Amino acid sequence: MSGIKIINKGDRFAHAGIGSIHDFEGKQFVKDATGATSCEISFGSLPSGTAVPFFHSHKENEENYIILSGSGHFQVDDEVFDIAEGSVIRVSTNCDRNLKCTSDEPMVYICIQAREGGLGGYTMTDAEITERENIL
Ligand code: ZN
């Protein structure tokens with residue numbers, strides 16, 4: 001099982017990492033490392049030929065799966081479809097979900113769990129350009 005490490009932290013940010021996704025194994029939740037308050041992010045890895053060992057459902061949170069490597073199948077209730085590197089899958093509350101890696105390489109993915117319907121303002125209405133000096 002790989003771990004998450006806090007890399008650096010300030011008053012207004014936290015930077016954590018799992019290292020190379022190619023070496024990542026197992027499941028790693030991120031919220032406790034970064035102190036996130038709006039969503040839970042997890043990294044997952046499935047070896048070739050394996051699926052998550054159980055189906056699960058959420059009562060209040062939707063999930064967004066982002067496939068970083070590998071390919072396979074995703075099941076929502078009784079519906080199955082193909083997924084691959086670059087796929088983004090949103091799954092609503094109150095339905096069963098699972099995914100399986102069928103590629104030779106492991107499937108590594110990110111799952112972002114957040115309150116369904118909870119996104120208020122975003123990008124164009126929530127963000128504003130500021131005048132900070134660029135010191136990058
Ligand atoms: Zn879940």
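This passage describes the overall build, a five-stranded sheet and a zinc site in a predicted model.

Local features are reported only at pLDDT of at least 70 and side-chain atom pairs only at pLDDT 80 or more, while totals for chains, interfaces and linings use all residues. Residues are numbered from 1 along each chain as its sequence is written, and side-chain values use heavy atoms, with hydrogens and water left out.

The protein chain contains one helix and ten strands. Both are DSSP runs numbered from the N terminus: helices are H or I of at least four residues, strands are E of at least two. Along the sequence, the elements follow the pattern β-β-β-α-β-β-β-β-β-β-β. The C-alpha trace spans about 50 × 35 × 25 Å along its principal axes. Of the 136 residues in the protein chain, 30% are buried. Here, buried means under 20% relative accessible area, exposed means over 50%, and partly exposed lies in between (1.4 Å probe, protein chains only). The accessible surface of the protein chain is about 9,400 Å² (Shrake-Rupley method, 1.4 Å probe). Carbon and sulfur atoms account for 51% of that surface. Contacts require heavy atoms within 4.5 Å. Among contacts with a separation of 6 or more, 61% link residues 24 or more positions apart.

Five strands form an open sheet in the order E3-E4-E10-E5-E8. The pairing is antiparallel; two strands pair if DSSP finds at least two bridges between them. Strands E3 (27–29) and E8 (88–91) stand at the edges. Each has a single partner strand, so one side of each lacks a neighbour in the sheet. The twist averages 20° from one strand to the next. Axes for such angles are lines fitted to C-alpha atoms, for helices over the stretch in contact, and angles run from 0 to 180 degrees between N-to-C directions.

Strand E5 (residues 61–69) is joined to strand E10 (residues 107–115) by eight bridges. Four bridges join E5 to E8. Tyr65 stands opposite Cys111 in E10 and opposite Ile89 in E8. Asn64 stands opposite Ile112 in E10.

The zinc ion has the protein donors His56 (NE2), His58 (NE2) and Glu63 (OE). These donors lie 1.9 to 2.1 Å from the zinc ion. Donors are N, O and S atoms within 2.8 Å of the metal (3.2 Å for Na, K and Ca); water is not among the atoms, so sites may look incomplete. Along the chain, the donors follow the spacing H-x1-H-x4-E. His56 counts as partly exposed, at 24% relative accessibility. His58 is buried, with a relative accessible area of 16%.
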